[in-house]
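Trainee: Please give me a close look at one part of this model, the place where its helices pack against one another. I would like a connected account that goes from single residues to the contacts between elements.

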Amino acid sequence: VSSALAGGAVVRACLQRPNFYSSTVYIAQSNACLFILTNLALLSTYSAMLGLQKAFYGHLRPIEVEQLWEKAWFA
């Protein structure tokens, strides 16, 4: 859903504005577009971190996940 909304926001900006620069300015000044794109960025970051955790550490017990997140806050 987030990627569809983000794609729609970018396409809408590109269709409403004549060139790339004005489209990016529109996206940067629109609160709705910023919210949608920030939501997509946070979701992508979270998914990437979970994927890296699974790739490097495999399946972890809940206590190990908790310890990993505690150590990540201090890094």
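Mentor: A helix here is a DSSP run of H or I with at least four residues, and helices are numbered from the N terminus. With that in hand, we can begin at Ala9, which has its place in helix α1, bearing in mind throughout that the model is predicted. Ala9 has a relative accessible area of 8%, and because buried means under 20%, Ala9 counts as buried. In sequence Ala9 is 21 residues away from Ser30, yet their C-alpha atoms are 9.9 Å apart in space.

Ala9 also belongs to the largest nonpolar core, whose 5 residues are Ala9, Ala13, Tyr26, Ile27 and Cys33. Two or more residues of this core come from α1 and likewise from α2. Cys33, another member of the core, is found in helix α3. With a relative accessibility of 4%, Cys33 is buried as well. If sequence neighbours within four places are set aside, Cys33 is in contact with Ala9, Tyr26 and Ile27, while Ala13, treated in that way, is in contact with Ser23, Tyr26 and Ile27. Tyr26 and Ile27 therefore appear in the contact lists of both Cys33 and Ala13, where contact means heavy atoms within 4.5 Å. Cys33 can also be placed relative to Cys14, from which it is separated by 19 residues in sequence and by 12 Å in space, taken from C-alpha to C-alpha.

From these residues we can turn to the helices themselves. Two packed helices are described by the angle between their axes and by the distance between those axes. Helix α1 covers residues 2-16 and helix α2 residues 20-29, and their axes come within 8 Å of each other, crossing at roughly 130 degrees. That angle makes α1 oblique to α2, and the crossing of the two is right-handed. On the α1 side the contact is made by Val10, Arg12, Ala13, Cys14 and Gln16, and on the α2 side by Ser23, Tyr26 and Ile27. By character, these residues divide into 5 nonpolar, 2 polar and 1 charged.

The packing of α1 with α3 can be described in a similar way. Their axes come within 9 Å and cross at roughly 140 degrees, which means that α1 is oblique to α3, and the crossing is left-handed. Helix α1 contributes Ser2, Ser3, Leu5, Ala6, Ala9 and Val10 to this contact, and α3 contributes Cys33, Ile36, Leu37, Asn39, Leu40 and Leu43. Of the residues involved, 9 are nonpolar and 3 polar, with no charged residue among them.

One of the polar residues deserves a closer look at this point. Ser2 lies in helix α1 and is buried, its relative accessible area being 14%. Not counting residues up to four places away in sequence, Ser2 touches Asn39, Leu40 and Leu43, each of which is named on the α3 side of the contact with α1. Val1, by contrast, has its place in the segment before α1, and with a relative accessible area of 84% Val1 is exposed. From C-alpha to C-alpha, Val1 and Leu40 are 9.3 Å apart in space, although 39 residues separate them in sequence.

There remains the packing of α2 with α3, whose axes are 5 Å apart and meet at an angle of about 85 degrees. That angle makes α2 roughly perpendicular to α3. Here Tyr26, Ile27, Ala28 and Gln29 of α2 meet Asn31, Cys33, Leu34 and Leu37 of α3, and these residues divide into 6 nonpolar and 2 polar, with no charged residue.

A last residue of α3 takes us away from the core. Gln53 has its place in this helix, which spans residues 31-57, and with a relative accessible area of 11% Gln53 is buried. Apart from neighbours within four places in sequence, Gln53 is in contact with Gly58, Leu60, Val65, Leu68 and Trp69.

Methods
Residues numbered from 1 in each chain as written. Predicted model: local features only at pLDDT ≥ 70, side-chain atom pairs only at ≥ 80, totals over all residues. Heavy atoms only, no water. Axes fitted to C-alpha atoms, helices over the stretch in contact; angles between N-to-C directions. Parallel < 35°, antiparallel > 145°, perpendicular 65-115°, else oblique. Left-handed = near helix turned anticlockwise from the far one by under 90°. Nonpolar A, V, L, I, M, F, W, Y, C, P; charged D, E, K, R; others polar. Buried < 20%, exposed > 50% of the residue type's maximum accessible area, 1.4 Å probe, protein only. Core = buried A, V, L, I, M, F, W, Y, C linked by side-chain atoms within 4.5 Å.
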